[in-house]
Amino acid sequence: MVGTIVVGIEGTERSRVALRWSMERAAATGTEISLTHVIDDEWATVGSRILGGMRVDAERLLEREAEYARSLTSGVVVSTQLLHGNLMDELIVTSKNADLLAVGTHNTGFIYGRVFGSRSILLAAAAYSPVAIIPQSLLCGGRGVVVGVDDSDAGRAAICFAAAEAQRARQTLTLVRASGTPRLRAEQDEWQQQRDLYSDEHAKTILCKAETIAKSVDADSEIRVSRIRRPAAEALLDASATAALLVVGSSRREGANRMMLGSVSHDVLINLTGPTIVVHGAKAVSVS
């Protein structure tokens, strides 16, 4: 079965960066590209005459971007779809039939925990398929696939996805487990030392499980293991600074929290250093 990468198109340079990245991936994987533009009329306040003009402009945009996409590489099937309604809702529904949803974004700067309302972040939280977030400042030539490791359902899904990507691209897979903060004192009290010892042993166990999962995807893959005592988002961003791809898992929320990412994934996405794919686990979690 031929897969599909849905690319969000908005007529900006950042969406073209995502388009170029997606076309390169489609050519390598034999998947098709669906260029998707949404006429966003969330409150249904646009009159029919204005809407007609918007539709004509949107059709021209899609035609132009499809022509541009086909000029990048031959052999990739490129189709277009024009949707009307709430932008986020339409893209989320579209992701049900996609193997990957790709969008472009600006870098926004590193601030812990703050909710920016960025559409790419909201989309990464709520989409049914994995979501690729491609920064406008994309640098070419990165090597290797980096994945954040934890013991959640989403974390295990991310490891499987990253291992398959590394196998496909014939690149090294790096498993990163981050915990805690750097030691600030040469001497620590006994309680702190015991806590660090437990943390280190726990990290070794988690990484051992992660390596087993990755090997089940590709027994011959080259795997590197990295334990870093730093905040997780910082560790992942640094580890992936020269990588071709970073993969992070984020547990899917239920109900009113469905458009919320976990704190690590959120902090990674607001300061991207390269292409990043957010993968969800099969199980949703409730957040009180």
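Helices (H or I, at least four residues) and strands (E, at least two) are taken here as DSSP runs, numbered from the N terminus. On this basis the protein chain contains 8 helices and 12 strands. The model is a predicted one, in which local features need pLDDT of at least 70 and side-chain atom pairs count only at pLDDT 80 or more, while totals for chains, interfaces and linings use all residues. Residues are numbered from 1 along each chain as its sequence is written, and side-chain values use heavy atoms, with hydrogens and water left out.

Of the 288 residues in the protein chain, 45% are buried (buried means under 20% relative accessible area, exposed over 50%, and partly exposed in between, with a 1.4 Å probe and protein chains only). Contacts, defined by heavy atoms within 4.5 Å, often span long stretches of sequence: among those between residues at least 6 apart, 83% join residues at least 24 apart.

A good place to start is helix α1, which covers residues 13–29. Its 17 residues reach 24 Å from the first C-alpha to the last, close to the 24 Å expected at 1.5 Å a residue (the expected span is 1.5 Å times one less than the number of residues). The buried residues of α1 are Ser15, Val17, Ala18, Leu19, Trp21, Ser22, Met23, Arg25 and Ala26. Gly30 follows the helix, and its phi is positive, near 75 degrees.

Helix α1 also takes part in the salt bridges, of which the structure holds 10 (a salt bridge is a side-chain nitrogen of Lys or Arg within 4 Å of a carboxyl oxygen of Asp or Glu). In one of them Arg16 pairs with Glu65, with the closest N and O atoms 3.0 Å apart. This pair links distant parts of the chain, as Arg16 lies in α1 and Glu65 in helix α2 (residues 48–72), 49 residues apart. The two partners can be told apart by their accessibility: Arg16 counts as partly exposed because its relative accessibility is 22%, whereas Glu65, at 2%, counts as buried. Arg64 joins Arg16 and Glu65 in a network of salt bridges.

A second salt bridge, between Glu165 and Arg168, likewise has its closest N and O atoms 3.0 Å apart. Here the partners sit 3 residues apart in helix α5 (residues 153–169), so about one helical turn separates them. In general, an α-helix has 3.6 residues a turn, so residues three or four places apart point the same way. Glu165 is buried at 8% relative accessibility, and Arg168 is partly exposed with a relative accessible area of 34%. A further salt bridge joins Asp238 to Arg230, with the closest N and O atoms 2.4 Å apart. Asp238 is partly exposed at 48% relative accessibility, and Arg230 is partly exposed too, with a relative accessible area of 28%.

Helix packing comes next. Two packed helices are described by the angle between their axes and the distance between the axes. The axes of helix α3 (residues 87–94) and helix α4 (residues 119–126) come within 10 Å and cross at roughly 40 degrees (axes are lines fitted to C-alpha atoms, for helices over the stretch in contact, and angles run from 0 to 180 degrees between N-to-C directions). The crossing is right-handed, meaning that the near helix is turned clockwise from the far one by less than a right angle. Leu87, Met88, Leu91 and Ile92 in α3 meet Arg119, Leu122, Leu123 and Ala126 in α4. These residues divide into 7 nonpolar, no polar and 1 charged (Ala, Val, Leu, Ile, Met, Phe, Trp, Tyr, Cys and Pro count as nonpolar, Asp, Glu, Lys and Arg as charged, and the others, Gly among them, as polar).

In helix α7 (residues 232–239), Ala233, Ala235, Leu236 and Leu237 are buried. Their cover includes β6 (145–148), β7, β8 (223–228), β9 (245–249) and α8 (263–269). Within strand β8 lies Ser226, partly exposed at 21% relative accessibility. Leaving aside neighbours within four places in sequence, Ser226 is in contact with Thr174, Leu175, Val176, Arg177 and Leu207.

Two loop residues complete the picture. Ser250, in the loop between β9 and β10 (252–253), is buried with a relative accessible area of 3%. Arg170, in the loop between α5 and β7 (173–178), is exposed, with a relative accessible area of 76%.
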